[in-house]
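User: Could you take a close look at one part of this model for me, the second largest pocket, and then walk me outward through the packing and the aromatic contacts?

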Amino acid sequence: MTDGAATQPGQAAPDGTPDGSIRRRILAWCGRARTPLAWIGRITRHQVRFALVLIGAGWGVLRESVRPNSWRRTVRYEFRLSLRQVVAGGFLSTVFTATLAGLTVVSQAAYWLGFAGMAQMTGSILVSVLVREIAPVLVGIILLGRSGMLSLTEIGLLTLGGQIRAMQAQGIDPFLVLVMPRTFAFTLGGFTLGIIFALISLLMGFIVTHATGVMNMSVWTFFSDVLTAMSAWDFLVIPLKFILVGFFVGLGSCMTGLLVSQDDTVATIMPRGFARGIMLVMTVNILFSLEF
């Protein structure tokens, strides 16, 4: 005879471990939960994959850019070609959009603040609303639509056509030849177009308000009020926003083109790249807005 009573089915053994029936129930429950858990894992991995790739690629661009042997003649040529396309191609769009922004935001702000007797707040309102918040978003959209989609299509077609694999077979790194110079071209282009956008929007808004008699100060006094309303952080944050918007728009467009699969076409990669670019522009703007 045994010292204790026999363990009945469905009851725990004396050492506290479940018996065979409970084990089978647990295994059956795990088997049923495996499918939805796997589905959730695939969705999560698919959504997070591009963000992780973007972080790694961004670090790779910064790391490789400080090496002198990375900037060979072909890389410098690609950088100059991309920079010319980004700045020259987006210049007219930036001027036109900045003119519309100046006619609406600056003129309306000056009119209603003067009507309310708070004309002295015009400079601070324009800095907070137009230069710090609206300008980086609109410049990012111009970069994305005018140049980002072009880079995405070019690199995507190279990937689909097998030219990227041919470059790798020849010992040419597509990351150094295509991604790094284009990313820095977008970075410099974002800063340049951002400063142009801010100056033209403020100038056009002043011209309209001065011509209609809403504002009687000189243009130098107007820009002096705007600069006086800017804090020390604004002189750092505003250019940094333009730089980071250009950096991530260029990097996101290039990496989206490199990550296409054989099932993709131009009709599928362009909406994906545009959506990712808009998310990157808004993410940079929101993060800086929350921080500063």
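Analyst: The second largest pocket holds about 260 Å³ of space, and keep in mind that we're looking at a predicted model here. Its lining is made up of 13 residues. If you want to find the middle, look for V131, I195, L199, L227 and M230, which lie nearest the centre. Helix 5 (174–211), helix 6 (219–229) and helix 7 (232–258) are the elements that each give two or more residues to that lining. As for chemistry, twelve of the lining residues are nonpolar and one is charged, with no polar ones.

Now for the packing. The largest nonpolar core has 35 residues, and the members touching the most others are F197, L202, F222 and V249. Helices 5, 6 and 7 turn up again here: each gives two or more residues to this core, as do helix 2 (73–115), helix 3 (122–161) and helix 8 (266–291). Helix 3 supplies the largest share, with eleven residues. Apart from this core there's another one, of 18 residues, and V75, M180, F247 and L251 are among them. As a general backdrop, nonpolar side chains in soluble globular proteins tend to be buried together.

On to the rings. The model has three aromatic pairs. One of them joins W71 and F79, edge-to-face, with 5.9 Å centre to centre and 85° between the planes. W71 also pairs with F184, again edge-to-face, at 5.9 Å centre to centre and 65° between the planes. That second contact is worth a look along the chain: W71 lies in the loop between helix 1 (20–65) and helix 2, while F184 is in helix 5, so the pair ties together parts that are 113 residues apart in sequence. Put the ring pairs together and W71, F79 and F184 are linked into a cluster.

Are W71 and F184 buried or partly exposed? W71 has 23% relative accessibility, so it counts as partly exposed. F184, at a relative accessible area of 22%, is partly exposed too. The cut-off for buried is under 20%.

One last contact involves a ring and a charge: the charged end of R276 sits over the ring of F50, 4.0 Å from the ring's centre.

How values were computed:
Residues are numbered from 1 along each chain as its sequence is written. This is a predicted model: local features need pLDDT of at least 70, side-chain atom pairs count only at pLDDT 80 or more; totals for chains, interfaces and linings use all residues. Side-chain values use heavy atoms; hydrogens and water are left out. On a 1 Å grid over the protein atoms alone, a cavity is a set of points where a 1.4 Å probe fits but cannot get out, and a pocket is an open set with protein on both sides within 12 Å along at least five of seven lines; lining residues have an atom within 4 Å of a point. Grid points are joined across faces, edges and corners, and a volume is the space filled by probe spheres set on the points. Helices (H or I, at least four residues) and strands (E, at least two) are DSSP runs, numbered from the N terminus. Ala, Val, Leu, Ile, Met, Phe, Trp, Tyr, Cys and Pro count as nonpolar, Asp, Glu, Lys and Arg as charged, and the others, Gly among them, as polar. A nonpolar core is a set of buried Ala, Val, Leu, Ile, Met, Phe, Trp, Tyr and Cys residues joined through side-chain atoms within 4.5 Å. Buried means under 20% relative accessible area, exposed over 50%, partly exposed in between (1.4 Å probe, protein chains only). Rings of Phe, Tyr and Trp (its six-membered ring) pair if their centres lie within 6.5 Å; planes under 30 degrees apart count as stacked, over 60 as edge-to-face and the rest as tilted. A charge sits over a ring if NZ of Lys or CZ of Arg is within 6 Å of the ring centre and within 35 degrees of the ring normal.
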